[in-house]
Amino acid sequence: MPGLKCILLTSILSLNCIVPIAAGPLEDGIAAFRGGDYATAIQLLRQFAERGNPSAQFYLGFMYANARGVPKNYAEALKWYRLAADQGLASAQQNLGFMYANGWGVEQDHVEAVKWYRLASNQGLSGAQNELGYDYLQGRGVPQNYGEALKWFRLAADRGNAGAQTNLGNMYAQGLGVPQDYVEAVKWYRLAADQGNAGARKNLGDRYRNGQGVAKDDAEAAKWWQLAAEQGHAGAQNNLGTLYAGGQGVTQDNVSAYLWFSLAAAQSDKDAINNLDRVARHMSQAQILEAKKLVSERQPKKSQTD
């Protein structure tokens, strides 16, 4: 579905919920984890995990999934997540869903992923609600159902989940399951953009550029695209380059245009590859060398999803 992509978490797997913590050595183990002392965390948490404590099992699974103090081992992560999920721990259910959805340590199985997302969603975990909404949107592991997608996105969005807010904005912008409503789309994009979501920032810039749901304002478009571009969003980088090339909303500057086109092209953005060639034709050799120097000073960041 163009323009609607799953919002992935910054970590491979989520720690975005509150895991119950008991006083004593278990609390010390979790504190060690949060402080980055993974050796101590493993030592303290393993004993509780082996005794069946779901919080300890969850943290142990997370460390194996993300190579925190131990070599990455998806099979081991899956084991510990499952033990905690079977005891009803929502965070473990959500992360077990991620494992099945991505085929980490297990054969990819979207039906099984949906099962675990639903269990976590019914406990109010917004990350799982967003994932479940996306599965309904795409018909992945469940029949496609825009109404169900909207339901789960809205529940997560109302809890402040930036990914769900972006996805809900996309549905209003595209009229999927609801009448097309750019004003409502802008509302949700802005909430997510203010939380730093790169996809929402790019999409909010699009609305300002096109005058959809807001008054057309190239300077505002440039502002939001700049923020998303700095986060490594390839589409925003290309769009920002276009503004610099044309002097729209910003001072015309081919060097800056070349910079942003180059960064987007490095992420295989086809429009940026073509735009880079076009802008280079209007630049002197000195300008190109200056732009390439600026590009070399930036390490391309991995693009976030829309």
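User: What makes the length of helix 11 close to the expected one?

Analyst: In this predicted model, helix 11 covers residues 198–210, 13 in number. From first C-alpha to last it reaches 19 Å, against the 18 Å expected at 1.5 Å a residue.

User: Why is helix 11 called largely enclosed by the rest of the structure?

Analyst: Buried means under 20% relative accessible area. In helix 11, 12 of the 13 residues are buried, so the helix is largely enclosed. Among them are Arg-201, Lys-202, Asp-206 and Arg-207.

User: Which helices do the buried residues of helix 11 pack against?

Analyst: They pack against helix 9, helix 10, helix 12 (218–230) and helix 13 (234–246).

User: Why are helix 9 and helix 11 called roughly parallel?

Analyst: Their angle is about 30°, with axes 10 Å apart. Angles under 35 degrees count as roughly parallel. Helix 9 and helix 11 are therefore roughly parallel. The crossing is left-handed.

User: Which residues make that contact, and how do they divide by class?

Analyst: Helix 9 brings Thr-166, Asn-170 and Ala-173; helix 11 brings Gly-199, Ala-200, Asn-203 and Arg-207. That gives two nonpolar, four polar and one charged.

User: How do you know that helix 9 is roughly antiparallel to helix 10?

Analyst: Helix 9 (residues 162–174) and helix 10 (residues 182–193) pack at about 165°, axes 8 Å apart. The cut-off is over 145 degrees, so helix 9 runs roughly antiparallel to helix 10. Contact residues include Leu-168 and Tyr-172 of helix 9 and Trp-188 and Leu-191 of helix 10. By class, the contact has 10 nonpolar, four polar and one charged.

Key
Residues are numbered from 1 along each chain as its sequence is written. This is a predicted model: local features need pLDDT of at least 70, side-chain atom pairs count only at pLDDT 80 or more; totals for chains, interfaces and linings use all residues. Side-chain values use heavy atoms; hydrogens and water are left out. Axes are lines fitted to C-alpha atoms, for helices over the stretch in contact, and angles run from 0 to 180 degrees between N-to-C directions. Helices (H or I, at least four residues) and strands (E, at least two) are DSSP runs, numbered from the N terminus. Angles under 35 degrees count as roughly parallel, over 145 as roughly antiparallel, 65 to 115 as roughly perpendicular and the rest as oblique. Contact means heavy atoms within 4.5 Å. Ala, Val, Leu, Ile, Met, Phe, Trp, Tyr, Cys and Pro count as nonpolar, Asp, Glu, Lys and Arg as charged, and the others, Gly among them, as polar. The expected span of a helix is 1.5 Å times one less than its number of residues. Buried means under 20% relative accessible area, exposed over 50%, partly exposed in between (1.4 Å probe, protein chains only). A crossing is left-handed if the near helix is turned anticlockwise from the far one by less than a right angle, and right-handed if clockwise.
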